[in-house]
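Visitor: I am new to protein structures and would love a guided look at this one. Shall we walk through it together?

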Amino acid sequence: MAIAADAGTVGAMVPTLVEVVDVRQDLPDTVSFDLQMPEPFEFEPGQFTMLYAPGIGEAPISISGDPANHDVITHTVRAVGKVSQALCRLRPGDRVGVRGPYGVPWPVRVAEGGDVVLMAGGIGLAPLRPVLYHLLHHRGRYESVVLLYGARSPIDLLYNQELRAWRSRYDCEVEVTVDHGGADWHGPVGVVTKLLGRAPFDGPATTAMVCGPEIMMRFSARDLIKQEVASDRVYMSMERNMQCGVGWCGHCQFGPKILCRDGPVLPYPAIEELLTVNEI
């Protein structure tokens, strides 16, 4: 499509208007919508686009759909600000601006030949969903595939139908926990790191990909390393205050990193010390 990811081109800052073809209400404050792309659109799991709500502004949103689908791209958005609220009000037939894809993707090729552990908290499952699609499309390239997912409560779980479908497969392990479960919840209760003891993976042969609240990611990295996963094989998605998508504006600076350019996916050793600094 006619959007350039190269910061040296004008196209990097010019959105293309595309049509919304489907909208799904995932949670009371969260929707997923599909965009029909005018030309084949390729992205890597973990990359994001800048979405423009006409007349309101732009926001960086991870692509949450199947990377094998080059005609329609999917985004999952939680309404937390003016732009995301406007995006959550989209209906089929509306048009939205798209720039991208941008950013460093998840290391799905680095992980080939070994075990893969995906750890997600809350809406952090959205940026990891394309990874799981990729792993299952290319299942023979990987050993154990494990998804560990935690949310605040059962009503906060994303993609419930897909979670059930993934759990029914024989070739991947899916464990789900909630912080607080009601009488109808029969699964684990507690933080997502407690699921590591239930997961079948070989630590030294594992690549881990983690996305969620920063405190969750920090503790997940600590516990993965305790399970003998090499620290440089633990990857996190850091999505902070991105505004241009191409490393020009500096708003997403995180220590020496410009997250839209150097991230959002980064190996844990690159940001370990920064995660302990308040207000950085």
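Visitor: Which strands does helix H3 lie across, and at about what angle does H3 run to S9?
Guide: Welcome! Keep in mind that this is a predicted model. Helix H3 covers residues 160-167. H3 lies across S8 and S9, and its angle to S9 is about 135 degrees.

Visitor: What is the strand order of the open sheet of six strands?
Guide: Let's start from the outside. The edge strands are S9 (173-178) and S14 (265-267), as each of them pairs on one side only. Pairing in this sheet is mixed, and the order is S9-S8-S7-S10-S11-S14.

Visitor: By how many degrees are neighbouring strands of this sheet turned against each other on average?
Guide: Here direction is ignored, so to speak only of the turn itself, the average is 15 degrees.

Visitor: How many bridges join S7 to S8?
Guide: In the sheet order, S8 and S7 stand next to each other. One place to look is alanine 120, which stands opposite tyrosine 149 in S8. The two strands run parallel, and the number of bridges joining them is six.

Visitor: Which helix lies across S7, S10 and S11?
Guide: Find S10 at residues 206-211 and S11 at 234-237. The helix you want runs at about 165 degrees to S10, and its name is H4.

Visitor: Which element gives the most to the lining of the largest pocket?
Guide: This pocket holds about 1,100 Å³ of space. Its lining has 43 residues, and the closest to its centre are Gly121, Ile123, Gly124, Gly212 and Pro213. Elements giving two or more residues include S7 (115-121), H2 (125-137) and S8 (145-151). With six residues, the top contributor is H4.

Visitor: How many residues of that lining of the largest pocket are nonpolar, polar and charged?
Guide: Let's count up from the smaller groups. Eight residues are charged and 13 are polar. The nonpolar residues number 22.

Visitor: Which residues lie nearest the centre of the second largest pocket?
Guide: About 310 Å³ of space lies in this pocket. Among the elements that supply at least two lining residues are S1 (16-27), S2 (30-36) and H3. The lining has 18 residues, and those nearest the centre are Arg24, Asp26, Arg129, Tyr159 and Glu162.

Visitor: And how many residues of the lining of the second largest pocket are polar?
Guide: Set the other groups aside one by one. Five residues are nonpolar and six are charged. The polar residues number seven.

Note on methods. Residues are numbered from 1 along each chain as its sequence is written. This is a predicted model: local features need pLDDT of at least 70, side-chain atom pairs count only at pLDDT 80 or more; totals for chains, interfaces and linings use all residues. Side-chain values use heavy atoms; hydrogens and water are left out. On a 1 Å grid over the protein atoms alone, a cavity is a set of points where a 1.4 Å probe fits but cannot get out, and a pocket is an open set with protein on both sides within 12 Å along at least five of seven lines; lining residues have an atom within 4 Å of a point. Grid points are joined across faces, edges and corners, and a volume is the space filled by probe spheres set on the points. Helices (H or I, at least four residues) and strands (E, at least two) are DSSP runs, numbered from the N terminus. Ala, Val, Leu, Ile, Met, Phe, Trp, Tyr, Cys and Pro count as nonpolar, Asp, Glu, Lys and Arg as charged, and the others, Gly among them, as polar. Two strands pair if DSSP finds at least two bridges between them. Axes are lines fitted to C-alpha atoms, for helices over the stretch in contact, and angles run from 0 to 180 degrees between N-to-C directions. Contact means heavy atoms within 4.5 Å.
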